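Trainee: I am new to this structure. Please take me through the terms used for it and how each one is decided.

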Amino acid sequence: MKRKFSRRQVIKTGAILGVSTVFSPPILSFAQGETPIRVGMHDPLTGTYAAEGESEVRGAKMALAEINAKGGLLGRKLDLVIEDDAANAGLAAQKAHKLIEQDKCSLLMGAVSSATALSVNQVAHDQKTLYMVTGGHTDPVTGSQCHWTTFRICTTTYMLAAGLASTLYKKFGGKWYFITPDYAYGHTLQAAYSKLLKDMGGTELGNSLAPLGSTDYSSYLIKAQQAKPDVLILLVDGQDLVNCMKQAAQFGLTKKFAIGGGLTELEVLKALPKEAKLGWWTVEWWWDQPNTPHVKEWVASYQKAYTDGSYPSARTWFGYAGLHSLGLGVTKAKSIESAKVAKALEGLVLPPEIALQPNKVYFRAKDHQLMSSEFPGEILSDGVYPNLFKVSEIVPGDKIALTEEQAGCKLDYAT
Amino acid sequence: MELLLFNSFNGLIQGVFYALMALGLALILSLNSVINMAHGGFLVIGAYLAYSLSGYLGFWGALVAAPVLTGIIGLFAERALIRPLYKRSDPLYSLLLTFGLALIIEDMTRTIWGAQGLPLEIPDVLNSPVSADYFFITGFRVLIMAITAASAIGLYLALRYTLIGIRIRAGIRDLETVSALGVNIYKLRALNFGFGCIFAGLAGVLAAGVLGLTPPMGNSLIMPSFVAIIVGGVGSLFGALIGGLLIGLAAGITTTYYPAASEAVIYLMMLLVLVIRPRGLFGEEGLFE
């Protein structure tokens, strides 16, 4: 008998699977100017956060087109170099090095996963390159691990929790069970909820940690069911949230307990089947703000650029506001030197056509966190895209954020 | 104690799904000698086809049509890509090729259906628990178990009693002799690859009922099925089945006591099996022995 394959080779495939996510080609957009200003952007274009990553890239490209249509920055074209980080911290750090050293990017932006935001936060600081975090929420980015080089558009995990916690407590009661993604974002978000819950006098019945990218949530849901909570809090996000919600609905748990969570997003809502469309969540920006100037025009301009029938999400706004903020900083500093741009951005208020929300939106000087709003509300169970969420209020960021002192950030300018 | 019972049972159900994936993988591995890295890709094709077809055929129609179409796509892939590689005895070539194919399928799915997740709606009958106490046994999971059982039994009967099945079994033992006896082994291998892809497509439709559809959804599902094959024994279809159930059960039991290790435990099992019984529990002797 001819031996056709060996067990060893079967095992080798496992190793190959492991490294399989590492390779993917960069997407380059070429500018026409002689010496364009380059901004490097890292975002997940593959993996569990691919849809969110694509939205951020779309937003940034809108800002790019607007800036270049007005003659670029400091008379130079603006150029955006985009790299896929696959929501992997190590890969993101590697891509950040490439963007700075090989592509000669003067400024960085990006991140959906908090883990990548933290790793690039470190690289950017080592390389003294300004880094605009678009969508990694974990507190330490503008808290205990903050650096003078890092600014952040999206809200902190604490703000996400604070925007919704009291509503959930008052409406449904104080016994909560958590399912938390097992990485930086989940840990800090859960800690924030835990603290807020304790302060209100509630009880935490349990917390299941689920690895990022889990497909099967049944064992966590079994534990949650045994705990019999008032509210089941699902802190997983992206595709993980879709999977978790779908399974919770099939187990009938969504009929037994109130469901609440941290963050939800248009990308997630779109992927939810009808039985899983429910619960209380927070979005960080919403396309339907009838009373806020410029929002309608912006949605129209998005749909002119992207004709696939989609609507802009909070992620699109992160990318858009992120690149525009860098542009405003460069213009104000009259320089692309990171140190000068950083100083210019501190305290900078976003103009209404970029803020696209009713409250005052500005970068706090002491921790570089953008004070943007939370939009808590309820998923519409009979909603049809894009009317999938009912915003109950728009909470100003500086009302719910930890103070600069509590956030624990000490900016390290000495360079 | 109740929790242990629930989790073990739950793990077994999860294992059934791994077994279904592993079955297709093992089938292709035994006769085609291809470590089919694109199996997860075919799963994704099956899932997305079901999504598109369910608009016209309903869920049940899609459940039948999508796997069959996946099998046909598999036939084309085999003819165009895999067949030229049979001459090379080193399976590394087909491994690399199917690995590339997996990436291509993932990106094509993203191009055709988009990076954003899509929901496959399943009938309400399947969408709720069968009993209030055992709430984790949903109608859909019963369907998964029934289909896997039917597939395994059907495959067993087909391999035992049909001409093609007998030739496939003979081919797994000794392909050269089968060829010398006048059987067209190219056709045989093509058919076998197609069957394997039908299993992948079926697993895809079933996965889509529990998970949202995304282009990379196959990646996280394929690893446990590779582990199932190694634990169960390379070359044995029965082993693939048992391997799938065992790792599901192990993950379920571990969840009760130490949830953080529930992912790692299947690899630990693989390690143990490789150390103690390197050919796997039912390794390499042939089919259904």
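Trainee: How many bridges join strand β9 (residues 231–234) of chain A to β10(A)?

Mentor: Four bridges join them, and the two strands run parallel. This is a predicted model, in which local features need pLDDT of at least 70 and side-chain atom pairs count only at pLDDT 80 or more, while totals for chains, interfaces and linings use all residues. Residues are numbered from 1 along each chain as its sequence is written, and chains are lettered from A and ligands numbered from 1 in the order in which they are written.

Trainee: What makes β9(A) and β10(A) paired strands?

Mentor: Two strands pair if DSSP finds at least two bridges between them. The strands themselves are DSSP runs (E, at least two residues), as helices are (H or I, at least four residues), numbered from the N terminus. Here there are four bridges, so the definition of pairing is met. I233(A) stands opposite G260(A) in β10(A).

Trainee: How do you know that β10(A) also pairs with strand β11 (residues 280–283) of chain A?

Mentor: Two bridges join these strands, which run parallel. The partner of G260(A) in β11(A) is W280(A). Between the strands the chain passes through helix α11 (residues 266–271) of chain A, in a right-handed β-α-β crossover.

Trainee: Why is that crossover called right-handed?

Mentor: The term applies if, with the strands pointing away from the viewer, the path from the first strand over the helix to the second runs clockwise. The crossover from β10(A) through α11(A) to β11(A) is right-handed.

Trainee: Why is strand β10 of chain A called largely enclosed?

Mentor: A residue is buried if 20 or more other C-beta atoms, placed from the backbone, lie within 10 Å of its own, exposed if 12 or fewer, and partly exposed in between. Five of the six residues of β10(A) (residues 258–263) are buried, so the rest of the structure largely encloses this strand.

Trainee: What makes E267(A) buried?

Mentor: E267(A), which lies in helix α11 of chain A, has 27 other C-beta atoms within 10 Å and is therefore buried. Leaving aside neighbours within four places in sequence, its contacts (C-beta atoms within 7 Å) include A51(A), R315(A) and Q116(B).

Trainee: What is the order of the strands in the open sheet of chain A?

Mentor: The seven strands follow the order β8-β7-β9-β10-β11-β12-β13, with mixed pairing. β8 (203–210) and β13 (387–391) of chain A are at the edges, because each has a single partner strand and one side is left without a neighbour in the sheet. The twist averages 30° from one strand to the next. At one end, strand β12 (residues 375–384) of chain A and β13(A) pair in the antiparallel sense over four bridges.

Trainee: Why are α13(A) and α14(A) called roughly perpendicular?

Mentor: The axes of helix α13 (residues 314–333) and helix α14 (residues 338–345) of chain A come within 8 Å and cross at roughly 105°. Axes are lines fitted to C-alpha atoms, for helices over the stretch in contact, and angles run from 0 to 180 degrees between N-to-C directions. Angles under 35 degrees count as roughly parallel, over 145 as roughly antiparallel, 65 to 115 as roughly perpendicular and the rest as oblique. The two helices are therefore roughly perpendicular.

Trainee: How many residues of chain A are in contact with chain B?

Mentor: There are 43, and they meet 48 residues of chain B. The largest share of the chain A side, eight residues, comes from α1(A).

Trainee: What makes H294(A) partly exposed, and where is it?

Mentor: H294(A) counts as partly exposed because it has 16 C-beta neighbours inside 10 Å. Its place is in the loop between β11 and α12 (295–305) of chain A. Its phi is positive, about 75°, although it is not a glycine.

Trainee: Is L356(A) buried or exposed?

Mentor: L356(A) has 24 C-beta neighbours inside 10 Å and therefore counts as buried. This residue lies in the loop between α15 (352–355) and β12 of chain A, and its phi is near 55°, a positive value in a residue other than glycine.

Trainee: Why is a positive phi or a cis bond pointed out?

Mentor: Most residues other than glycine have a negative phi, and most peptide bonds are trans. The bond from Y385(A) to P386(A) is cis, with omega near 0°. P386(A) is in the loop between β12 and β13 of chain A.

How values were computed: Two residues are in contact if their C-beta atoms, placed from the backbone, lie within 7 Å.
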